[in-house]
Amino acid sequence: MEKKNIDWANIGFGYMKTDKRFVSNFKDGKWDDGQLTSDDQVVISECAGVLQYSQSCFEGLKAYQTEDGRIVCFRPDLNAARMADSAKRLEMPVFPEDRFVQAVVDVVKANAAFVPPYGSGATLYLRPYMFASSPVIGVKPADEYQFRIFCTPVGPYFKGGAKPITIKVSDFDRAAPNGTGHIKAGLNYAMSLHAIVTAHEEGFAENMYLDAATRTKVEETGGANFIFITKDGKLVTPKSSSILPSITRRSLEVVAEKYLGMEVEEREVYFDEVKDFAECGLCGTAAVISPVGQIYDHGNMIQFPSGMDEMGPVTKKLYDTLTGIQMGRIEAPEGWVKVIE
Ligand code: PLP
Ligand code: COI
C-alpha cells in the first residue's frame, strides 16, 4: 500500500479529509445497511434534533501501523460498548456493536494509505459519531439518526508531545452528579469550551475539573482521565460516576498490575492529597499519556517532583508499555488488538 505524501512527523491533532467514511441511517425504527462514501458533506433538516437540542454522541479510537507492517486497532469493542451506553442515555438508537467494529475495520481499510507509517509518531484517529437528523421542535428525541465514522491522521494532542504540561484547577464544572459526565455526549464538550478557551488564554494547557457537588475531589480534564503515581510507586486513578470511563485508563490499570507489577487503586481522590503524589498524567486516546508537571490552584502552584523537563519514570514505563502493546512491540492481552490487515 503506497502511503499518501504527508509530513507525518509534523502533523498536529487536526482534521484532514481522507478518502472514505462510513454512513448509516436510522429510519422507520431500523438502521440501514450503511455504506462507505467519498462524500464528506452532511445535509440535514434545519430543525434536526442535533441542531436544536444537541442530541449527539461520539467516540474516538486509533489505528496503528505495527513494526511488522500490519494495521491494527486498539480495543474497538470497548468504544462500541461505550457508544451504546451514550446512545441509551441520550434516548438514541444503539448502533449494533458488532456492526460498529466492522465499520471501523472497513473505514481503516478504505483509508489504509492514510495510516501513518510505523515510527512516524503519528496515528490514524477514527471518529465514530451519531446525531439526530430529523426535525424536532418540542423537546423530545428525534425519529431519525445518522451514524458515521471518518478518520484523519493525527500527531500529538498537546504541543510538545511528551513534554510535561501545566494545567489549572477550573472554577467551572464539567459534569453534574447525575448528569452526562460518564458518557461521550457532544454537549459535555460544548459546555467545556468556555472553560478551555479561558484556560488557554491564561497560559494553561487544560483544566482539572473537581466534583461539582463538593469541589473537593478530582474528576478529570476536558478530554482525558487522570493518573497519579504515589511516592511509593502505586498507580492511583480517580473513581467517580461523573467521569468518562476512559479505555486508556482502564487499559493502564491492567498494564500497571499485570505487566509492571504495580499496585493499583481506583478510588476517590481528594484535591488536598494531589500535592503529595510523585507524578501526574492525563490519559486518553488523543492524549495517550501526557505528563502534568504542575497544577495551578488559585495563586498556588503544585509542582510534582518529576518536574517540567520530562515524563516521570513510572509514567514513562506505563507509556512505553502501553504504546508498545498498541504498536505491536509487546504482546497484548487477549482481545486488545484488532488486526485490520
Ligand atoms: N475523558 C474525556 C472527557 C474524554 O473526552 C476522553 C477521550 O475519549 C477520555 C477521558 C479518555 O477516554 P479514552 O481513553 O477512552 O479515549
Ligand atoms: C479522545 O481522546 O478520543 C477524545 O475524544 C478526546 C477529545 C477531547 C479529542
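In this predicted model, the chain exposes about 15,200 Å² of surface, and carbon and sulfur atoms supply 50% of that area. Turning from the surface to the interior, buried residues account for 53% of the 341 residues in the chain.

**Overall build**

The chain contains 7 helices and 17 strands. Along the principal axes, its C-alpha atoms fill a box of roughly 55 × 50 × 35 Å. How does the radius of gyration fit with a compact globule? For 341 residues, a compact globule would have a value near 20 Å, and the chain agrees because its own value is 20 Å. The contact pattern is worth a look as well: of the contacts between residues at least 6 apart in sequence, 71% join residues at least 24 apart.

**Around ligand 1**

Let us move on to the two ligands. Ligand 1 is surrounded by 17 residues, and the closest are Tyr 189, Glu 220, Ser 246, Thr 248 and Thr 285. By type, the residues of this shell divide into 5 nonpolar, 8 polar and 4 charged. Two elements, helix H6 (247-259) and strand S14 (279-284), each supply at least two residues of the shell.

Oxygen atoms of ligand 1 have polar partners in several side chains. A polar side-chain atom of Tyr 189 lies 2.5 Å from an oxygen atom of ligand 1. For Thr 248, an N or O atom of the side chain is 2.5 Å from an oxygen atom of the ligand. Arg 82 also takes part, with a polar side-chain atom 2.7 Å from an oxygen atom of ligand 1. How much of ligand 1 does the protein bury? Taken alone, ligand 1 exposes 380 Å², and the protein buries 97% of that.

**Around ligand 2**

The shell of ligand 2 is made of Phe 13, Phe 58, Gly 60, Tyr 125, Arg 127, Tyr 157, Lys 184, Gly 223, Thr 285 and Ala 286. These residues divide into 5 nonpolar, 3 polar and 2 charged. Thr 285 belongs to this shell and is also listed among the closest residues to ligand 1.

Here the polar contacts involve both side chains and backbone. The side chain of Tyr 125 places an N or O atom 2.6 Å from an oxygen atom of ligand 2, and a polar side-chain atom of Lys 184 lies 2.7 Å from an oxygen atom of the ligand. Ala 286 contributes through its backbone, where an N or O atom lies 2.8 Å from an oxygen atom of ligand 2. On its own, ligand 2 has 280 Å² of accessible area, of which the protein covers 89%.

The polar contacts of both ligands are gathered here for easy reference.

| Residue | Part of the residue | Partner | Distance |
|---|---|---|---|
| Tyr 189 | side chain | oxygen of ligand 1 | 2.5 Å |
| Thr 248 | side chain | oxygen of ligand 1 | 2.5 Å |
| Arg 82 | side chain | oxygen of ligand 1 | 2.7 Å |
| Tyr 125 | side chain | oxygen of ligand 2 | 2.6 Å |
| Lys 184 | side chain | oxygen of ligand 2 | 2.7 Å |
| Ala 286 | backbone | oxygen of ligand 2 | 2.8 Å |

**Thr 152 and Gly 14**

Away from the ligands, Thr 152 makes a good stop. Thr 152 lies in strand S8 (residues 145-154). Is Thr 152 buried or exposed? With a relative accessible area of 4%, Thr 152 is buried, because the cut-off for that class is under 20%. The side chain of Thr 152 reaches the backbone oxygen of Gly 14 at 3.3 Å, and a polar atom of that side chain lies 2.7 Å from the backbone nitrogen of Met 16. Beyond its neighbours within four places in sequence, Thr 152 is in contact with residues including Tyr 15, Thr 18, Thr 123, Leu 124 and Tyr 125. Tyr 125 is also part of the shell around ligand 2.

Gly 14 sits in the segment before strand S1 (21-27). Its relative accessible area of 37% makes Gly 14 partly exposed. Apart from neighbours within four places in sequence, the contacts of Gly 14 are Thr 152, Pro 153 and Val 154. Gly 14 and Pro 153 are 139 residues apart in sequence, with their C-alpha atoms 8.0 Å apart in space.

**Phe 22 in strand S1**

Phe 22 is found in strand S1 and is buried, with a relative accessible area of 6%. Leaving aside neighbours within four places in sequence, Phe 22 is in contact with residues including Asp 33, Leu 36, Phe 95, Val 107, Phe 147 and Ile 149. The C-alpha atoms of Phe 22 and Ala 81, 59 residues apart along the chain, are separated by 18 Å.

Key
Residues are numbered from 1 along each chain as its sequence is written. Chains are lettered from A and ligands numbered from 1 in the order in which they are written. This is a predicted model: local features need pLDDT of at least 70, side-chain atom pairs count only at pLDDT 80 or more; totals for chains, interfaces and linings use all residues. Side-chain values use heavy atoms; hydrogens and water are left out. A residue is near a molecule or strand if one of its heavy atoms lies within 4 Å of it. A polar contact is a pair of N or O atoms within 3.5 Å; within protein, one must be able to donate a hydrogen and the other to accept it, and residues adjacent in sequence count only if both atoms are side-chain atoms. Accessible areas come from the Shrake-Rupley method with a 1.4 Å probe; for residues, only the protein chains shown count as cover. Ala, Val, Leu, Ile, Met, Phe, Trp, Tyr, Cys and Pro count as nonpolar, Asp, Glu, Lys and Arg as charged, and the others, Gly among them, as polar. Helices (H or I, at least four residues) and strands (E, at least two) are DSSP runs, numbered from the N terminus. The radius of gyration is taken over C-alpha atoms; the globule rule is 2.2 Å times the number of residues to the power 0.38. Buried means under 20% relative accessible area, exposed over 50%, partly exposed in between (1.4 Å probe, protein chains only). Contact means heavy atoms within 4.5 Å.
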